[in-house]
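Colleague: I would like a close look at one part of this model, taken slowly and with the cut-offs stated.

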Amino acid sequence: MTDSLLSIRGLSVEFKTELGLVRALSEVSFEVPRNSVTAVVGESGSGKSVTSNAILRLLPDTAQSSGEIELNPQDGEPVIITSLDERDPQMQNLRGGLVSMVFQEPMTALSPVHRIGDQVAEAVLCHRDVSPDVAWAEAAAMLEQVGLADAESKMRMFPFEFSGGMRQRVVIAMALICHPQLLICDEPTTALDVTIQAEILVLIKSLQRKLNNSVLFITHDLGVVAQIADRVVVMYNGQVMEIGSVRQVLKNPQHPYTMHLLSSMPGAATDFREKNKNWSDGAAIGAGTFLVEADAGRKIREFRELSP
Ligand SMILES: Nc1ncnc2c1ncn2[C@@H]1O[C@H](COP(=O)(O)OP(=O)(O)OP(=O)(O)O)[C@@H](O)[C@H]1O
Ligand SMILES: [Mg+2]
């Protein structure tokens, strides 16, 4: 058994459009180690969502892809996801079972017309052969774990009665309830305000440690990377620019694009601006917008001050 739960090797994706082929990913390769948080960071359009959707085979029919994605479950045979047929029962087992996903906007994952408890219990019933009572009890326990106190009464409520942060907690509960080995989070906190964002990051990180799973965390924000991730993959224009531990990449970035990302963060890494000034492609990248909270800037400075 390898140390990597997921290996992406030479993944390229093109979309057929009316204007011709659009290349979204070029030869993307990286590993997601076990029991850790790997962040994929990059600006809008860099290919983060296409990469994460490819893992669950959620790309539209207009996509043509090549390369290989391999999942190495803890106690099972390796699965080459890219060679599975859509109707293969292994694919069903994979989605929401071994691998699950949390999207940016919680309402895309929740039905507005069903009670919270029924939706979370349904996620159990889809993948496991248990009675509705057991599913309901497990759903209540999971809602408590994601920080929703008095879960039994909350389960009888509808999503519209919840705040955005509470809804995202429900979605995280639904994603975790079948004990996935890989949790993919695609910008799960972007729609939330900064305080709630920080709470959800702490929740995802603490549940990852408790449940010993791996998280692939998609974000455009290096501040979020500093707060949650162990490893980071930096993407730009459908390609991987740099991969390393968060400490390495934030303290000693090797690629000019990573330096550019760091230099766009207020309060962090001012000397990267200095280093970056002779980089001729810099202007072409654009300023980028990075939601940074004060704590994230501090975290990045701490990483940079650590001795090697
Ligand atoms: N269905 C599609 N048809 C055509 N092009 C697409 C499609 N989906 C994505 N793309 C293109 O693929 C590229 C990567 O898109 P992707 O959604 O992965 O970006 P992203 O890094 O997730 O950006 P964001 O931070 O805005 O979510 C972009 O150029 C995008 O326009
Ligand atoms: Mg995206």
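Taking helix α7 (residues 194-211), what span should its 18 residues have at 1.5 Å a residue, and how far apart are its end C-alpha atoms?

Modeller: This is a predicted model, in which local features need pLDDT of at least 70 and side-chain atom pairs count only at pLDDT 80 or more, while totals for chains, interfaces and linings use all residues. Residues are numbered from 1 along each chain as its sequence is written, and chains are lettered from A and ligands numbered from 1 in the order in which they are written. Helix α7 (helices being DSSP runs of H or I with at least four residues, strands runs of E with at least two, numbered from the N terminus) should span 26 Å, the expected span being 1.5 Å times one less than the number of residues, and its end C-alpha atoms are 26 Å apart, which agrees.

Along α7, the buried residues (20 or more other C-beta atoms within 10 Å of their own, against 12 or fewer for exposed and in between for partly exposed, with C-beta atoms placed from the backbone) are Gln197, Ile200, Leu201, Ile204, Leu207 and Gln208. Seen down the axis of α7, these buried residues fall within an arc of 140° (taken over the directions from the helix axis to the C-beta atoms), so they line one face of the helix. An α-helix has 3.6 residues a turn, so residues three or four places apart point the same way. The face of α7 turned away from its buried side carries the exposed residues Thr195, Ser206, Arg209 and Lys210.

As for what lies over the buried residues of α7, the cover (contact meaning C-beta atoms, placed from the backbone, within 7 Å) includes the strands β3 (37-41), β7 (182-186) and β8 (214-219), together with the helices α6 (164-176) and α8 (222-228). Just after α7, Asn212 takes a positive phi of about 55°.

How values were computed: Contact = placed C-beta atoms within 7 Å.
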